[in-house]
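Here's a set of exercises to work through with the model open next to you. Try each task yourself before reading its solution.

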Amino acid sequence: MIKNFIYLDHAAATPVDRRVFDVMLPYFSGLFYNPSSPYFPAVQVRRDYDNAKKTLANLIGGKQDEIIITAGATESINLVFNSVSGHVVVSNIEHHAVLNCAKKCPHTIVLVDGRGIIQVEVIAAAITPKTQLISVALANNELGTIQPVRDIAEIVKKERMDRLKNGNKMPIYLHVDASQGVGQLNVNVARLGADLLTLNSGKIYGPKQVGLLWAASFVKLNPQIIGGGQERGIRSGTENVAGVIGFAKALELAVDHQSFEQKRLATLRDYMQNNLIKAFPEAVISGSQKNRLAGHLHISFPGIDGERLLFILEDRGVLVATGSACAANKGTKSHVLEAISISDEIANGSIRITLGCLSNEKNTRQACKIIISELKKEYERLRK
Amino acid sequence: MAKTKVYVGMSGGVDSSLAASLLVEQGYDVTGVYMKNWSQDLPGMKCPWADDLADAKRVAVRLGIDFKVFDFEKGYKQKVVDYMIDEYKLGRTPNPDIMCNQEVKFKLFLDAALADGADMIATGHYAMVLNEKTEKLQSVSSERLRAAFDKGPGALSNSGCRCPEEAASNLSAGVLLRAVDDNKDQTYFLYRVTGKALTKTLFPIGEFTKPQVRKMAENRNLVTAAKKDSQGICFVGQVGIREFLSGYVDLKSGDIIDKKTGKVLGRHDGAIFYTLGQRHGLDVGGGLPYYVVGKDMAKNEVYVASDLNHDSLWLDNVDLAEVHWINDKPQVGDYQVRLRHRAPLVNAQLTFSGNDVKLKLADPQRVITPGQSVVIYDDQICLGGGIVI
């Protein structure tokens, strides 16, 4: 078994950054106190916890009391959908968490274009007087395509004004799932024009099972987990202090390094893409290449079985994804690839490469070489 | 000469992984096949077979062989799942694994593989087969067996009056033999397979013991080497049989009655859940353990006794219906029989009553359950068997 894998699946999970790990460590033992306890050491922990939440809020341009800490993006998304009863609009490339939640409400699922980008006009057309929520991902997890969130926010604002004029009391919110792309895109809530924002610590070199939902002060959330009243009663349960301290540090680092990391990853990704295309001119890149996360490459090799390629590469110490992990589990074409209407052959032959902090020039070059040589062998085997 | 093309059923477990690996080493042109069987759709849950499929594929990829997925969901549902539910409804205790081998692995899979260009199929069963491909099986050297194989079907019986056409088209029916590992031998599950299917079948691991198989898999760096053996009925998966059946049958609670006194001891939640000899899960109070000694499906009553030696738990005469012979009907005489998978072989005298088989066991045996299979052996050879009536 090869111990030193080259990891090309940062969209699935990221390693906890050493600096994040270090700030979390004291809260597991020395500073283990329940933040709700009255004695001084616990009060200290409460202060640290609140400060971490404040840091998180500041980094996205929100206020501390607008943030609910959750156990990750899926929970945040559930909280959003459990807080609405009206009609919801989502796109057909949203994460399963969003799609499955939406299906419990009156809903419209709008179709993205062939590049995997949501069309603003299509969203506008789907809004009815009863629409209460529009939920889109800032960037798609499979294709890495970046969505026109600000333009969608404009539509929502306009609708809100119209409703004010017409006396329609139904509120309308825009929820942005920014789990993917935080380290590469600006996630300032005002800039995005979001009313609700979901973030996931596990995707940005923080601990897993920590996330947040930011909700503008005028959004009313329904408590999802009932108990001792923590997180403003919306999400009870003793606070995940270490997790939140780590999350705050992770987000801080992500925002700090954003522009540098974006350029660095784009360079590595382009190197990978160019070399793969040069070696296999028939390869197909899926999703918009213009509006795409810097570390993302969704590429298909016609005739190849992507899952087989995944296992071959795993054997050679290179870890990639096929489509999205959830889709791979079902043995069917992913709903995202279905949405951009690519053929079965292209879908089956696709792998997703997502670069991140573990990627550097040396291992990217090495991975590229391995992928090319294994693909050549595989094409050779198929010819026989 | 072109290599023999073998399609090996790969379940993602260690046995079939090693089977595939050995076939590659033996120089066959091997294709791995994952058989997608029916599984209950549990909304919102990851499908239970995904990991097994991934493991099977991972091993195939490492071996550098082709890998395919054959979808038998429909056939499996009809032939195995529905059969099982129906049998339970009749108050019997069926064996879906036997049905799966008869109907899916050695029928649907065999046919699909041959249609796809295979010459033979292979599985990771602990069993051995004697056919024109399997050359030396040192552990079996009886002359009778050799003669049986050379003469083809009918050789194991004294009937000897087959029409020539049939003999010609059906030369050298395969002979099913017990595995070397007595503890693991799976011929009990294979007794309803046909001799014809066995001519096209290989069991690459039948001559090894389970510990050897694990060791060999480990030596070959197969990722499944340390994987736990699968337990229970595959398609029922994580939910228990009780929960599974309750989705298909109307459950009525009824009385649990003491067979001796006729006294009602407690209530049950559906007679179909109870199997002869069962001790646990009886909702009756008192210090003594009770055993199910019978049930009446029409009355929805379960009868129990606290006596482990209760007459209805011990039998020395067993009648079998739906009898299947792998090769040909054997002569009346003394044979060995297996009453359950992994149960020791016991001596029995075999006679016929029309199409049914009558067995007189040398010693009475405990808990012979209607619906279960009894498999008949002549030393190493698995002759066939039938279903207890």
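## Exercise 1: Confidence in chain B

Task: find which element of chain B has the lowest mean pLDDT and which has the highest.

Step 1. Helix H6 (residues 164–169) of chain B comes out lowest, with a mean pLDDT of 34, and strand S1 (residues 5–9) of chain B highest, at 98. Here pLDDT is the predictor's confidence in each residue, from 0 to 100, and helices (H or I, at least four residues) and strands (E, at least two) are DSSP runs numbered from the N terminus.

Step 2. Look along the chain for weak stretches. Over residues 150–171 of chain B the pLDDT is below 50, and the model gives this stretch 30 contacts beyond near neighbours in sequence. Residues 136–144 of chain B also stay under 50, with 10 contacts beyond four places in sequence. A contact means two C-beta atoms, placed from the backbone, within 7 Å.

Step 3. Zoom out. Chain B has a mean pLDDT of 84, with 83% of its residues at 70 or more, and the model scores ipTM 0.82 and pTM 0.85.

Some housekeeping: this is a predicted model, in which local features need pLDDT of at least 70, side-chain atom pairs count only at pLDDT 80 or more, and totals for chains, interfaces and linings use all residues. Residues are numbered from 1 along each chain as its sequence is written, while chains are lettered from A and ligands numbered from 1 in the order in which they are written.

## Exercise 2: The nonpolar core

Task: work out how many residues the largest nonpolar core has, and which element gives the most to it.

Step 1. Get the rule straight: such a core is a set of buried Ala, Val, Leu, Ile, Met, Phe, Trp, Tyr and Cys residues joined through C-beta atoms within 7 Å. Buried means 20 or more other C-beta atoms within 10 Å of a residue's own, exposed means 12 or fewer, and partly exposed is in between, with C-beta atoms placed from the backbone.

Step 2. The largest one has 213 residues, and those with the most contacts inside it include Val6(B), Val8(B) and Cys382(B). Helix H8 (residues 241–279) of chain A gives the most, with 13 residues.

Step 3. Pick Val8(B) and list its partners. Beyond four places in sequence, Val8(B) touches, among others, Ala20(B), Leu23(B), Val33(B) and Ala122(B).

## Exercise 3: Strand S7 of chain A

Task: is strand S7 of chain A enclosed or open, and which strands flank it?

Step 1. In S7(A) (residues 196–200), 5 of the 5 residues are buried, so the strand is largely enclosed by the rest of the structure.

Step 2. Split the side chains by direction. Leu196(A), Thr198(A) and Asn200(A) point one way and Leu197(A) and Leu199(A) the other, all of them buried. In a regular strand, side chains alternate between the two faces of the sheet.

Step 3. Now the neighbours, remembering that two strands pair if DSSP finds at least two bridges between them. Strand S6 (residues 173–177) of chain A runs parallel to S7(A) over 3 bridges, one of which matches His175(A) with Leu196(A). Strand S8 (residues 211–215) of chain A runs antiparallel to S7(A) over 5 bridges, with Leu197(A) partnering Trp214(A).

## Exercise 4: An open sheet in chain A

Task: give the strand order of the open sheet with 3 strands, and explain why its edges lack a neighbour.

Step 1. The order is S9-S10-S12 in chain A, with antiparallel pairing.

Step 2. S9 (284–285) and S12 (350–354) are the edges, each with a single partner strand, so one side of each has no neighbour in the sheet.

Step 3. Check one pairing: S10(A) (residues 296–300) joins S12(A) through 5 bridges, and His296(A) is bridged to Thr354(A).

## Exercise 5: A strand with two partners

Task: in chain B, find what stands opposite Leu320(B) in S15(B) and in S17(B).

Step 1. S12(B) (residues 314–325) pairs antiparallel with S15(B) (residues 356–366) over 6 bridges, and there Leu320(B) faces Val357(B).

Step 2. S12(B) also pairs antiparallel with S17(B) (residues 381–388), over 4 bridges. On that side, the bridge partner of Leu320(B) is Val388(B).
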